[in-house]
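Me: Hi! Could you walk me through this structure while I have it open on the screen?

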Amino acid sequence: MKINFSKPDISQEEIDEVIEALKSGWITTGPKTKELERQVAEYTNANKAICLNSATAAMEVGLRLFGIKEGDEVITSAYTYTASASVIHHVGAKIVLVDTEEDSYFMNPKKLEEAITENTKAIIPVDIAGVPCDYEKIYEIVEKKKSLFKANNDIQEKLGRILILADAAHAFGSTYKDKKVGELTDMASFSFHAVKNFTTAEGGALVWKKNIDGIDDEEIYKRLQLLSLHGQNKDALAKTKLGSWEYDIKGLYYKYNMPDITAAIGLGQFKRYEGLLNRRHEIIKMYNEGFKDSKIEFLNHFGKDYVSNGHLYMTRVKGIDESKRNEIIEEFGRRGIAVNVHYKPLPMHTAYKNLGFDIKNYPNAYNQYKNMITLPLHTLLTDEEVEYIIENYKDIVG
């Protein structure tokens with residue numbers, strides 16, 4: 001067999017939506033993007049959403065909305081993809097990385113609390129593989145440290161504490177204590193990249209739930225539009241109205257908008273999304289049953305307080321080192337199975353080493369990484385392919 005690691009699941013529904021956009025005469029940001037924003041907000045029980053060209057752009061404009069800048073500090077996990085931290089660098093703030101708990105992919109709460117200073121303006125928790133963070137614990141820590149918070153502008157003053165901006169790139173559709181990821185934090189960023197559960201080919205969204213006294217949702221949306229479209233106070237759709245050409249540039253900002261032609265893919269995906277999630281859950285249950293009582297440990301997608309959307313199937317072979325793990329991956333390749341590793345901790349990468357980070361200070365993150373292997377998990381996998389992966393994995397490590 002030849003099994004791909006990840007394949008986008010595109011049906012006639014998505015194709016028809018794209019054709020409709022192409023025939024409409026409107027392919028940049030317009031009615032389909034606005035409709036996708038409405039559906040994303042409704043689906044996540046958020047107050048409102050803005051669709052952009054990536055989850056990275058979504059996190060960045062969220063930080064910029066709150067005026068986070070040079071001299072500020074933003075905390076995120078050492079065990080994540082670079083986007084969680086690079087956006088902090090983009091706005092000029094200091095990146096503060098926190099190690100995971102032992103045998104965990106999530107930030108150590110004690111280390112998180114210790115990392116908060118009077119300069120901390122935001123925390124970016126990372127939902128891994130679709131499994132949400134313990135947001136209640138994070139909010140407890142923020143409340144405990146509230147006296148240290150010093151606001152630098154009106155929106156920070158009105159929030160009155162550290163911003164919680166979830167990197168929920170993996171978690172569109174996940175729930176925590178019967179609430180959707182998207183209604184749990186001040187803001188949440190989702191990825192709609194080609195390999196994600198829900199795709200627009202490239203794209204993402206920023207949603208927000210908790211109201212900030214004195215700033216309504218429309219005002220937040222307008223500020224985010226300015227940040228994502230060159231500081232222009234009218235988008236292209238508004239400018240096409242008869243006699244409505246004139247616009248103003250309110251700031252020297254950025255170009256992060258999502259076009260209708262990609263939003264159309266998302267509208268098609270929404271028509272099928274519950275079925276796509278159900279299939280992912282079926283595959284996860286097959287994997288879980290297959291690896292029961294074996295040497296292979298796996299991340300639990302179904303917990304007492306949460307249900308994951310099943311984005312990645314992350315496993316570990318305890319007791320092996322990085323070299324042995326890589327040999328196993330090579331053997332998977334010889335057997336026609338594409339696997340991956342999520343993630344190489346940030347302090348192991350050149351860009352972060354150049355900023356002074358050292359993996360020796362993040363031993364738990366390294367221990368998670370050194371023996372972990374991510375298996376294929378997508379809705380085009382057949383039951384026979386899943387069984388083939390299970391049998392070969394057990395044979396390789398056996």
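What follows is a chat about the overall fold first and some single residues after that.

Me: Before we start, what kind of model is this, and how are residues numbered?

Reply: It is a predicted model, where local features need pLDDT of at least 70 and side-chain atom pairs count only at pLDDT 80 or more, while totals for chains, interfaces and linings use all residues. Residues are numbered from 1 along each chain as its sequence is written, and side-chain values use heavy atoms, with hydrogens and water left out.

Me: Thanks! How many helices and strands does the protein chain have?

Reply: There are 15 helices and 13 strands in the protein chain. Both are DSSP runs numbered from the N terminus: helices are H or I with at least four residues, strands are E with at least two. The radius of gyration is 21 Å, close to the 21 Å from the globule rule for 398 residues, so the chain is as compact as a globular protein of that length. That radius is taken over C-alpha atoms, and the rule is 2.2 Å times the number of residues to the power 0.38.

Me: And what does the C-alpha trace span along its principal axes?

Reply: About 70 × 55 × 40 Å.

Me: What share of the residues is buried?

Reply: Buried residues are 57% of the 398 in the protein chain. Buried means under 20% relative accessible area, exposed means over 50%, and partly exposed is in between (1.4 Å probe, protein chains only). The chain exposes about 17200 Å², with 49% of that supplied by carbon and sulfur atoms. Those areas come from the Shrake-Rupley method with a 1.4 Å probe, and for residues only the protein chains shown count as cover.

Me: How much of the contact count comes from residues 24 or more positions apart?

Reply: They account for 72% of the contacts with a separation of 6 or more, where contact means heavy atoms within 4.5 Å.

Me: Switching to charges: how many positive and negative side chains are there?

Reply: The protein chain has 52 positive and 59 negative ones, and the centres of the two sets lie 2 Å apart. Lys and Arg count as positive, Asp and Glu as negative, with His and the chain ends not counted. Each charge is placed at NZ of Lys, CZ of Arg, CG of Asp or CD of Glu.

Me: I always ask about cysteines. How many disulfides does a search of the whole structure find?

Reply: Zero. A disulfide here is a pair of cysteine sulfur atoms within 2.5 Å. Cys51 is buried at 4% relative accessibility, and Cys133 is buried with 6%.

Me: Now helix H10. Is it mostly covered or mostly open?

Reply: Mostly covered: H10 runs over residues 260-270, and 10 of its 11 residues are buried. The buried ones include Asp260, Ala263, Ala264 and Leu267. Their cover includes helix H1 (12-24), H2 and helix H11 (273-291).

Me: So what does Lys32 touch?

Reply: Leaving out residues up to four places away in sequence, Lys32 touches Glu17, Glu20, Ala21, Asp260, Ala263, Ala264 and Leu267. Lys32 is in helix H2 and is buried, with a relative accessible area of 11%.

Me: What about Ala166, where is that one found?

Reply: Ala166 is in strand S5, residues 163-167, and counts as buried at 1% relative accessibility. Beyond its neighbours within four places in sequence, Ala166 contacts Pro125, Tyr135, Thr185, Met187, Ala188 and Ser189.

Me: Which residues other than glycine have a positive phi?

Reply: Two to look at are Asn45, with phi near 55 degrees, and His230, with phi near 60 degrees. Asn45 is in the loop between helix H2 (31-43) and strand S1 (48-52), and is partly exposed at 36%. His230 is in the loop between helix H8 (217-228) and helix H9 (236-239), and is partly exposed at 41% relative accessibility.

Me: Last one: which peptide bond is cis?

Reply: The one from His342 to Tyr343 is cis, with omega near 0 degrees. Tyr343 is in the loop between helix H12 (322-334) and helix H13 (350-353). Ala338 is also in the loop between H12 and H13, and touches Ile3, Asn4, Phe5 and Pro376, not counting residues up to four places away in sequence.
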